[in-house]
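I opened a fresh page for this one and went through it piece by piece. My notes follow in the order I looked things up.

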Amino acid sequence: MLFRSPAWFEAKWHDAHREGAPMPSAPIDEFHPVYGWVLKASLTNQEFLNSYVSSDENNVRQTGNRLADSVNHRILTIGDSFTFGECVDDTDTWVSRLEKLLPQTALINLANHGWAHDQMLLRLRDAGKNYKPDYVILGCVNDDILRNHFYFRDYAKPY
């Protein structure tokens, strides 16, 4: 695995900004003062890495979200690019597929690509309670542990 330090990410950001490149670094992201970056709100089939991404007005990746009162359970997922579903369409994320297997259950995908545990925890504390979940699933991969030590990734981030 190629190690890229926080300083590398910060230098890359400054270089792109100096050259007038559009910011944020990914077309589906927007700056967030607490998390560093978050999925843009109200996306509809935004092309990103050979897939399509949609979001609601609360910056949540769409899964089909059966959030009506008729659901028996709500499961909130938080995590990194794997849980977010980077490189797959909305309906192909594992979160969306799990929702299809669980009748009367709504799954809410609060994950975001490139996040570390600090960002996940802050998002869970801030937004998680609004969904009144019965269960919370944390999805993570080894890279997330390394990211915990970063002060900068695509933007300055919690540290």
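Before the hairpin, a reminder to myself: strands here are DSSP runs of E, at least two residues long, numbered from the N terminus, and two of them pair if DSSP finds at least two bridges between them. I also note that this is a predicted model.

**Entry: overall layout**

I counted 5 helices and 7 strands in the protein. Reading along the sequence, I wrote down the pattern α-β-β-β-β-β-α-α-β-α-β-α. Of the 159 residues, 43% are buried. The protein exposes about 8,600 Å², and carbon and sulfur atoms supply 55% of that area. I also checked how far contacts reach: among those between residues at least 6 apart in sequence, 67% join residues at least 24 apart.

**Entry: the E1-E2 hairpin**

How many residues does the hairpin use to join E1 to E2? I found 3 residues in the connection. E1 covers residues 29-32 and E2 covers residues 36-39, and the two pair in the antiparallel sense over 4 bridges. Asp29 stands opposite Leu39 in E2.

I stopped at Gly36, which lies in strand E2. Gly36 has a relative accessible area of 2%, so I logged it as buried. Its C-alpha atom is separated by 9.1 Å from that of Trp115, although the two residues are 79 apart along the chain. That sent me to Trp115 next.

**Entry: Trp115 and its ring partner**

Is Trp115 buried or exposed? Buried, with a relative accessible area of 0%. Setting aside residues up to four places away in sequence, I have Trp115 touching Tyr35, Trp37, Val38, Ile78, Gly79, Asp80, Leu110, Met120, Arg123, Asp144 and Arg147.

I then searched for aromatic pairs, and the count came to 1. The rings of Tyr35 and Trp115 have their centres 5.5 Å apart and their planes at 55°, so I wrote the pair down as tilted. Tyr35 sits in the loop between E1 and E2, while Trp115 sits in the loop between strand E6 (105-109) and H4, so the pair ties together parts that are 80 residues apart in sequence. Tyr35 is buried too, at a relative accessible area of 5%.

**Entry: nonpolar cores**

Which residues make up the largest nonpolar core? I listed 12 residues in all: Tyr35, Trp37, Val38, Val60, Leu76, Ile78, Ile108, Leu110, Trp115, Met120, Ala127 and Tyr131. At least two residues of this core come from each of E2, strand E5 (73-79) and helix H4 (117-127). Apart from it I found another core, of 8 residues, with Ala26, Ile28, Val53 and Ala111 among them.

**Entry: strand E6**

I looked at E6 with its partner E5. The two pair in the parallel sense over 5 bridges, and the bridge partner of Leu76 in E6 is Ile108. Leu76 and Ile108 both turned up in the core list above.

Why did I mark E6 as largely enclosed by the rest of the structure? Because 5 of the 5 residues of E6 are buried. Both faces are covered, with Thr105, Leu107 and Asn109 on one side and Ala106 and Ile108 on the other.

**Entry: Ser96**

Ser96 is found in helix H3 (residues 94-101). At 0% relative accessibility, Ser96 goes down as buried. Leaving aside its neighbours within four places in sequence, I see Ser96 in contact with Thr63, Asp90 and Thr91.

**Entry: Gln46**

Gln46 lies in strand E3 (residues 46-48), and at 28% relative accessibility I put Gln46 down as partly exposed. Beyond its neighbours within four places in sequence, Gln46 is in contact with Pro27, Ile28, Ser51, Tyr52 and Val53. I checked Pro27 separately: Gln46 and Pro27 are 19 residues apart in sequence, and 8.3 Å apart in space, C-alpha to C-alpha. Two of the other contacts, Ile28 and Val53, are names I had from the 8-residue core.

**Entry: cysteines**

Last stop was the cysteines. A disulfide is a covalent bond between the sulfur atoms of two cysteines. With a cut-off of 2.5 Å between cysteine sulfur atoms, I got a count of 0 disulfides. Cys87 is partly exposed, with a relative accessible area of 46%, and Cys140 also counts as partly exposed, at 44% relative accessibility.

Technical notes: Residues are numbered from 1 along each chain as its sequence is written. This is a predicted model: local features need pLDDT of at least 70, side-chain atom pairs count only at pLDDT 80 or more; totals for chains, interfaces and linings use all residues. Side-chain values use heavy atoms; hydrogens and water are left out. Buried means under 20% relative accessible area, exposed over 50%, partly exposed in between (1.4 Å probe, protein chains only). Contact means heavy atoms within 4.5 Å. A nonpolar core is a set of buried Ala, Val, Leu, Ile, Met, Phe, Trp, Tyr and Cys residues joined through side-chain atoms within 4.5 Å. Accessible areas come from the Shrake-Rupley method with a 1.4 Å probe; for residues, only the protein chains shown count as cover. Rings of Phe, Tyr and Trp (its six-membered ring) pair if their centres lie within 6.5 Å; planes under 30 degrees apart count as stacked, over 60 as edge-to-face and the rest as tilted.
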